[in-house]
Amino acid sequence: MSISMMKFLNQTLCLSLVLCISMTTMSFAQTCSKYKFSSNNVFASCNDLPFLDSFLHYTYDSSTGTLHIAYRHTKLTTGKWVAWAVNPTSTGMVGAQAIVAYPQSDGTVRVYTSPIRSYQTSLQEGDLSFNVSGLSATYENNEMVILASLSLAQDLGNGGTINTVWQDGSMSGNSPLPHPTSGNNVRSVSTLNVVSGVSAAAGGAGGSSKLRKGNIHGILNGVSWGIMMPVGAIIARYLRVAKSANPAWFYIHVFCQASAYIIGVAGWATGLKLGGDSPGIQYSTHRSIGIALFSLATIQVFAMFLRPKPEHKHRLYWNIYHHSIGYTLIILGVVNVFKGLEILSPKKQWKNAYTGIIVALAIVAVLLEAFTWYVVIKRRKLEESAKSAPHGASNGSRSQYA
């Protein structure tokens, strides 16, 4: 019986890890080349931008160093602003030379230039570091189109490559509010070579450095705090009911939780690095829970060296402490994984997969809890019968790992 239980728990863990890491789907982007402008504008090239339902059409005149662009933002709801920018100095938001547009209550569209000097910008109107001409914008059928010509002769580098940023956010009256600081709103950066037409996510073709670190951070913490910790607790809670699994359950439990702690610390350190690389972007609740997880888990690890023997008078209090901290870690870990999923905003299948894993582990725990009580009650009845029977009383030895 104990062997089958161990196999079942191992299969559950393996299935959970496979689902968590492998479940994703392909997405198909709208092709910008099929779009026709109502103003009969024609551009030499276009790119389907990977985030925020946006597209960039452009023509570069190498003789004058002028970049003619049309930035389109589709699926735009009422009360939103959009912006497209060139950043001559870096790949991020600060230093970006932006063109901002939003529909007004009278049906017209306001479009203007705004240099971004800090993360606390309110998108105030101002001159850019290069000349902008032919600036206009239209808003029809939930689509904003910005047209402009940029004189970039002095700002092109690396053989014609520029850093681009695009954004959207909500309005308060006629004042733009800060854009969201999670999900696709922190991914909408890229590089564009206006000569060759090659476009790539800022930081390389494999995606931005921050995005890769965010994904690594999410996977490490999801697997450690979000899956391995609950599985380790299930092993300790239910596998030891089988006497033949003693002391194997204890070593499996320690291995699982120690591995979860090591992986979790790596994920926590990655999160600290991400925070240091993202000034102006803070996720206070997620960060606070992460610090609490690391602190409590570290205390739990060192407390193992102070664990009294089963017959010690203080062992009961240590067990209460150990179980309380352990279950608190599990709850905080699961909550913080969902917080992290909200921040990263991956494809919906990732959140559904993790939710399915947690639900499956909960169902397994409920079933094993019922089975454990059944075994314990039955065992006690047999022991009582054995005690009451003549010449039949025998006490089982208690595990030193209980």
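Strands β2 and β3 pair in the antiparallel sense over eight bridges. This is a predicted model. Within that pair, Ser54 has His73 in β3 as its bridge partner. The hairpin of β2 and β3 has four residues between the strands, and Gly65 there takes a positive phi near 70°.

**The sheet**

The wider setting is an open sheet of five strands, in the order β1-β2-β3-β8-β7, with antiparallel pairing. Its edge strands are β1 (45–48) and β7 (132–140), and each of these pairs on one side only. From one strand to the next, the twist averages 15°.

Three of the pairings are set out below.

| Strand pair | Sense | Bridges | Residues facing each other |
|---|---|---|---|
| β1 and β2 (residues 54–61) | antiparallel | four bridges | Asp48 opposite Phe55 in β2 |
| β2 and β3 | antiparallel | eight bridges | Ser54 and His73 in β3 |
| β3 (residues 66–73) and β8 (residues 143–151) | antiparallel | eight bridges | Tyr71 opposite Ile146 in β8 |

The hairpin of β1 and β2 has five residues between the strands. In that hairpin, Leu52 takes a positive phi near 65°.

**The helix pair**

Now to the helices. Two packed helices are described by the angle between their axes and the distance between the axes. Helix α5 covers residues 315–344, and helix α6 covers residues 348–388. Their axes come within 11 Å and cross at roughly 170°. Angles over 145 degrees count as roughly antiparallel, and α5 and α6 are therefore roughly antiparallel to each other.

Which residues of α5 meet α6? They are Val334, Val337, Phe338 and Leu341. On the α6 side stand Lys351, Tyr354, Thr355 and Ile358. The residues of this contact divide into six nonpolar, one polar and one charged.

**The cores**

In soluble globular proteins, nonpolar side chains tend to be buried together. Here the largest nonpolar core has 35 residues. Those with the most contacts inside it are Trp225, Val231, Ile234 and Tyr354. The elements giving two or more residues to this core are α2 (209–238), α3 (248–276), α4 (284–303), α5 and α6. Helix α2 supplies the largest share, 11 residues.

Tyr354 belongs both to the contact of α5 with α6 and to this core. Leaving aside residues up to four places away in sequence, Tyr354 touches Val334, Val337, Phe338 and Leu341, and also Gly222, Gly226 and Ile227.

Apart from this core lies another, of 26 residues. Among them are Leu52, Tyr71, Trp84 and Trp166. Leu52 is the residue with positive phi in the hairpin of β1 and β2, and Tyr71 stands opposite Ile146 in β8.

Notes
Residues numbered from 1 in each chain as written. Predicted model: local features only at pLDDT ≥ 70, side-chain atom pairs only at ≥ 80, totals over all residues. Heavy atoms only, no water. Pairing = 2+ DSSP bridges. Axes fitted to C-alpha atoms, helices over the stretch in contact; angles between N-to-C directions. Parallel < 35°, antiparallel > 145°, perpendicular 65-115°, else oblique. Contact = heavy atoms within 4.5 Å. Nonpolar A, V, L, I, M, F, W, Y, C, P; charged D, E, K, R; others polar. Core = buried A, V, L, I, M, F, W, Y, C linked by side-chain atoms within 4.5 Å. Buried < 20%, exposed > 50% of the residue type's maximum accessible area, 1.4 Å probe, protein only.
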